[in-house]
Amino acid sequence: MVYLIAGLVIFLGVHSVRIFADGWRTATLVRVGEGAYKGIYSLLSLAGFGLIIYGFGVARETPVVLWTPPIGLRHAASLLTLIAFIFLTAAYVPRNGIKARFHHPMVLGVKFWALAHLLANGQLAQVLLFGSFLAWAVLDFIASRRRDRIAGTHYAVGSLPATALTVAAGGLAWMVFALHLHGWLIGVRPFG
């Protein structure tokens, strides 16, 4: 469990700098330069992510069951992950209505992904992993919206074709991942 916790602290810590120390981040960018900052950020992120993967794998070898989720929560998780994939896609499709409305769809996608997996899993390692990401996403969304208000940021109005493309592409990506890639990459097949 130590590797998982260390990975979460490093990965989410690096990704929380703008939440808790945005002024320090700005000053550091000026002092060391964007390239150096992004390089260190990337290395720490990769190290944290690697520790999360390794630590989660080790923790799954000796599971500590906190609770057994009812089967209905697995169905809810499927719906929530579909929404998560649509939000994740909205971060990349230009001029879609989802980004125009919510402004930070990537973070909302992480929120829905984490909540879905938290509801459908009751082992200690899973609760730590998904609970940590959910808490981070909630804080990051609040901080991002606050930064937008302070900066007076305006987002482009979305168009119906771009929004339809976002929903279709997100749904297709969810289907491919849920039916094929999740089992291959994670070792768990959501639909049997």
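**Entry 1: the core**

I looked up the largest nonpolar core in this predicted model. The core holds 25 residues. I noted the residues with the most contacts inside it: Leu4, Leu8, Leu12, Ile52, Leu129, Phe133 and Trp136. Next I asked which helices supply at least two residues each. They are α1 (2-14), α4 (34-61), α5 (71-90), α7 (105-120) and α8 (124-151). The largest contribution, nine residues, comes from α8. As background, I wrote down that nonpolar side chains in soluble globular proteins tend to be buried together.

I then took Ile52 from the core list and looked up its contacts, leaving aside neighbours within four places in sequence. Ile52 is in contact with Tyr3, Leu4, Gly7, Leu8 and Phe11, and also with Leu129 and Phe133.

**Entry 2: helix α4**

I checked the length of α4. This helix has 28 residues, and its first and last C-alpha atoms are 41 Å apart. That is close to the 40 Å expected at 1.5 Å a residue.

Which residues of α4 are buried? I found Tyr37, Ser45, Gly48, Ile52, Gly55, Phe56 and Ala59. I also looked for what covers these buried residues, and the cover includes α1, α2, α3 and α8.

**Entry 3: helix α8**

I did the length check again for α8. Its 28 residues should span 40 Å at 1.5 Å a residue, and the end C-alpha atoms are 40 Å apart, so the two values agree. After α8 comes Gly152, with a positive phi near 70°.

I picked two residues of this helix, Gln126 and Val127. Is Gln126 buried or exposed? Its relative accessibility is 12%, so Gln126 counts as buried; the cut-off for buried is under 20%. Not counting residues up to four places away in sequence, I listed Phe56, Leu118, Asn121 and Gly131 as the residues that Gln126 touches. Phe56 is also among the buried residues of α4.

For Val127 the relative accessible area is 26%, so I put this residue down as partly exposed. With neighbours within four places left aside, Val127 is in contact with Leu66, Trp67, Leu118, Asn121, Gly122 and Ser132. Leu118 and Asn121 appear in the list for Gln126 and in the list for Val127. I also took one distance: Val127 and Ala116 lie 11 residues apart in sequence, and their C-alpha atoms are 11 Å apart in space.

**Entry 4: the second largest pocket**

I looked up the second largest pocket, which has a volume of about 370 Å³. It is lined by 14 residues, and those closest to its centre are Val14, His15, Arg18, Arg25 and Tyr41. Two or more lining residues come from each of α2 (17-20), α3 (22-32), α4 and α8. Which element gives the largest share of this lining? I found that α8 does, with four residues. By type, I counted six nonpolar, three polar and five charged residues in the lining.

**Entry 5: two positive phi values**

I searched the loops for backbone angles worth a note. Most residues other than glycine have a negative phi. Arg95 is not a glycine, yet its phi is positive, about 60°. I located Arg95 in the loop between α5 and α6 (97-102). Its relative accessibility is 51%, so Arg95 counts as exposed; exposed means over 50%.

His103 also has a positive phi, near 70°, and is a residue other than glycine. The loop between α6 and α7 is where I found His103. Is His103 buried or exposed? At 18% relative accessible area, His103 is buried.

**Entry 6: α5 and α9**

Last, I looked at Phe85, which lies in α5, and Leu172, which lies in α9 (residues 160-186). These two are 87 residues apart along the chain, while their C-alpha atoms are separated by 9.0 Å. I made the corresponding check for Ile86: it is 86 residues from Leu172 in sequence and 9.3 Å from Leu172 in space, C-alpha to C-alpha. Leu172 has a relative accessible area of 52%, so I listed Leu172 as exposed.

What does Phe85 contact, leaving aside its neighbours within four places in sequence? I found Gly170, Ala173, Trp174 and Phe177.

Terms used. Residues are numbered from 1 along each chain as its sequence is written. This is a predicted model: local features need pLDDT of at least 70, side-chain atom pairs count only at pLDDT 80 or more; totals for chains, interfaces and linings use all residues. Side-chain values use heavy atoms; hydrogens and water are left out. A nonpolar core is a set of buried Ala, Val, Leu, Ile, Met, Phe, Trp, Tyr and Cys residues joined through side-chain atoms within 4.5 Å. Buried means under 20% relative accessible area, exposed over 50%, partly exposed in between (1.4 Å probe, protein chains only). Contact means heavy atoms within 4.5 Å. On a 1 Å grid over the protein atoms alone, a cavity is a set of points where a 1.4 Å probe fits but cannot get out, and a pocket is an open set with protein on both sides within 12 Å along at least five of seven lines; lining residues have an atom within 4 Å of a point. Grid points are joined across faces, edges and corners, and a volume is the space filled by probe spheres set on the points. Ala, Val, Leu, Ile, Met, Phe, Trp, Tyr, Cys and Pro count as nonpolar, Asp, Glu, Lys and Arg as charged, and the others, Gly among them, as polar. The expected span of a helix is 1.5 Å times one less than its number of residues.
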